[in-house]
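Grab a pencil and work through these exercises at your own pace. Each one sets a task and then walks through the solution.

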Number of protein chains: 2
Amino acid sequence: MNLKCMTIALAAIISCGFCQAQINSGGVKEDFKASSLNQPGQEFPQVNSQGYARFRIKAPQADSIRVSLGLGGQGGTRLVKNADGYFTGTTSGAMDEGFHYYHLTIDGGVFNDPGALNYFGSARWESGIEIPAKDQDFYALKNVPHGHVQQILFPSKSTHTSRRAYVYTPPGYGKGNKRYPVLYLQHGWGEDETAWSNQGRANLIMDNLIAEGKSKAFIIVMTYGMTNEIKWGGIKDFKIETFQTVLTEELIPYIDASFSTLTDRNNRAMAGLSMGGMETHSITLNKSELFGYYALLSGGTFNAAELKDKPKPKLIFISCGSREHPEGVKNAVAALKDADYNAVAYISEHTGHEFQTWRRSLRELGPLLFN
Amino acid sequence: MNLKCMTIALAAIISCGFCQAQINSGGVKEDFKASSLNQPGQEFPQVNSQGYARFRIKAPQADSIRVSLGLGGQGGTRLVKNADGYFTGTTSGAMDEGFHYYHLTIDGGVFNDPGALNYFGSARWESGIEIPAKDQDFYALKNVPHGHVQQILFPSKSTHTSRRAYVYTPPGYGKGNKRYPVLYLQHGWGEDETAWSNQGRANLIMDNLIAEGKSKAFIIVMTYGMTNEIKWGGIKDFKIETFQTVLTEELIPYIDASFSTLTDRNNRAMAGLSMGGMETHSITLNKSELFGYYALLSGGTFNAAELKDKPKPKLIFISCGSREHPEGVKNAVAALKDADYNAVAYISEHTGHEFQTWRRSLRELGPLLFN
């Protein structure tokens, strides 16, 4: 993926992170319920069966509250103050299904919604809301055996610190002497190593796939990929070397020493979303001997020219949302197939550069890994 | 511990959670630095070497911002609006060392400080600030072998759901066939299963104790202890049976089936802070056959009468901050010793009903367990 693609992707995060599916010109159904991502006991924000979101914020002496979530180009949703001291408002249209980040602008300052849980995105902890999706079953918490998600602190000489990662171990891990393949899975710009399990629900997606017999059981490792300073536009200055050193010379050896892993390239995959796709693209090309499976989720494409003369990947998976650049993904995969690569394209319908695209991408990717 | 004690403890959480060590009538040293618990890249809130905290919040059109943190009885710290649209202010005295929860009241509504990380307390995600402590080394992130903290989802028939817990496994866990003792460690009212590793730093405290050869390596299990509805004053209606069933009939069997544990009572301990102490008190008395070590941290006391005719504990540890009820703790421990129990009292100097007391209590408790 070149810099231009990433700039477009980044612009998409900034300007279109809250794109909507449809403007409902008819009535708004009054079947609003508390979002599933609310803090304990909080009634707001709410969502209705059409995908509208409704907000209610107490601030009796405030003049103005705006929610960043709303129809693209309208600057979010302006709340109206009521006599009881609460500001309320509803998005002017249905939101895309799945997870959205948002925040409040209160009298000119940026704050989170006290009703909602927080998720790390845009290089800060943002409020999160979940628009129930028709296919939400695949990432639901079900009565199936559950894997564990563990925080590890691994030594990093190159950055002079202990660095944090999260490791998903599948159900039954540790009960015998079985060794497992490993997927290294990266977040996007402005997110961190908490994103894939918190907003991405990677652990529940895998628990469910494994319970249904659709995927092999494997370990997932998620670490922080923004080794440079966090600032808007910083992606232009992103250099892969620092992170590549952390990942390939420090994290992978630590994982292989600490967990029951299979350590050959045919049992190691790398995937990433958005900026994490850029990282995956660079690192799998630079270190082809380490990885056998590559996946870019809304994070650019591969071409045959850059892959030749390197150890051949067992799979190249490329995905994005239908509101992104699906033709680019399909064309790239078609060209890779023509060049005799095992390439798979996946387009998430009616979603953009957001986590519902990436949850679905993981659901599609999981069954293809390590076969 | 009786209900009156818990009511006092709860009142302490509500009204005195932000008690201070001293009012500095002299000058405030201008050596403020960003709090170690700030969000990435955020300069505020800040703390100085005397323990003062300084806040800076952007909200150009707001009328009033108050920070809940400040000298007791003064209702927190009122910020002053500057010409640049930022509200600023400094606590009128030095804060106690260690971790404090706080929030902002902006024009009559409650919000978090966008500069600070969030911690679950008061039944909501609150802002957190860290006043550097003279003894902060014992919970610092050091270049020592680190244990892992893993999220597990365990099946709970009695509550019809999968429940979450966090499990600390010590450095080296899983590399051989070694089996480990287990400490069940409970949070306080309004907190949850994230508290002990996030604000409590239990994992780093144990990593450091183990690296220094001061403590045996053991597993710590932390789960959610508020099985009733979350509301202020709800503690009066707290019944132990629901949680006791989850802990002793569901969680312990899951842990013993999923981890390399030692399963006799001499290798199982229970401890808790504040409300978690109440839970520990009730459950260790009701299920003495399961636990060999009991610890109450700012969570009441034991007396010999309630212990007799039950399997004798190997250790009873009781602690609190010097600003709480240290004489009550010392007297209770003296009486237990007179009755021939192995009882230990610990008083954390210059701290109240806050996490610095409990971090220190864990540092003192760890070396006494499973010997």
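**Exercise 1. Work out how the two copies are related.**

Start by laying chain A on chain B: a turn of 180° with a shift of 0.0 Å along the axis does it, and the RMSD is 0.0 Å. The two copies are therefore related as by a two-fold rotation axis. Keep in mind that this is a predicted model. Next, look for the residue of chain A that comes closest to that axis: it's A:Gln150, whose C-alpha is at 1.7 Å. Finally, compare the contact surfaces. Both copies use the same one, as 100% of the contact residues of chain A recur in chain B.

**Exercise 2. Describe the interface between chain A and chain B.**

Step one is to count residues: chain A puts in 43 and chain B puts in 43.

Step two is area. The size of an interface is often given as the accessible area lost when the parts come together. Here chain A and chain B bury about 3300 Å² between them, with 53% of it on carbon and sulfur atoms.

Step three is to check what links the two sides. The rule finds zero salt bridges across this interface, but it does find 13 residue pairs in polar contact, both residues being at pLDDT 80 or more.

Step four is to ask which elements of chain A do the touching. Those that each supply at least two residues include β4 (53–58), β14 (124–131), α3 (202–211) and α4 (240–258) of chain A. The biggest giver is β15(A), with six residues. Sort the side of chain A that touches chain B by class, and you get 23 nonpolar, 14 polar and six charged residues.

**Exercise 3. Find a place where strands of the two chains pair.**

Go back to β15(A). Three bridges join β15(A) to strand β15 (residues 148–156) of chain B, and the two run antiparallel. Now pick out one bridge: A:Gln151 has B:Val149 in β15(B) as its partner.

**Exercise 4. Trace a sheet in chain B and name its edges.**

First get the order: four strands make an open sheet, β6-β5-β11-β12 (chain B), with antiparallel pairing. The edges are β6 (77–78) and β12 (109–111) of chain B; each has a single partner strand, so one side of each is left without a neighbour in the sheet. Then zoom in on one pairing. Strand β5 (residues 65–67) of chain B meets β6(B) in the antiparallel sense over two bridges, and there B:Arg66 stands opposite B:Arg78.

**Exercise 5. Locate a salt bridge that ties distant parts of chain A together.**

Over all chains, the count comes to 36 salt bridges. One of them joins the side chains of A:Arg363 and A:Asp135, at 3.5 Å from N to O. Now place the partners: A:Arg363 is in helix α8 (residues 355–365) of chain A, while A:Asp135 is in the loop between β14 and β15 of chain A, 228 residues apart.

**Exercise 6. Spot some unusual backbone details.**

Begin with peptide bonds. The one from A:Phe44 to A:Pro45 is cis, with omega near 0°, and A:Pro45 lies in the loop between β2 (33–34) and β3 (46–47) of chain A. Check chain B too: the bond from B:Phe44 to B:Pro45 is cis as well, and B:Pro45 is in the loop between β2 (33–34) and β3 (46–47) of chain B.

Last, look at phi. A:Ser298 isn't a glycine, yet its phi is positive, about 50°. You'll find A:Ser298 in the loop between β20 (293–297) and α6 (304–307) of chain A.

Technical notes. Residues numbered from 1 in each chain as written. Chains lettered and ligands numbered in written order. Predicted model: local features only at pLDDT ≥ 70, side-chain atom pairs only at ≥ 80, totals over all residues. Heavy atoms only, no water. Pairing = 2+ DSSP bridges. Least-squares fit on C-alpha atoms with pLDDT ≥ 70 in both. Contact = heavy atoms within 4.5 Å. Buried area = accessible area lost by both parts, 1.4 Å probe. Salt bridge = Lys/Arg side-chain N within 4 Å of Asp/Glu carboxyl O. Polar contact = N/O pair within 3.5 Å; in protein donor to acceptor, adjacent residues only side chain to side chain. Nonpolar A, V, L, I, M, F, W, Y, C, P; charged D, E, K, R; others polar.
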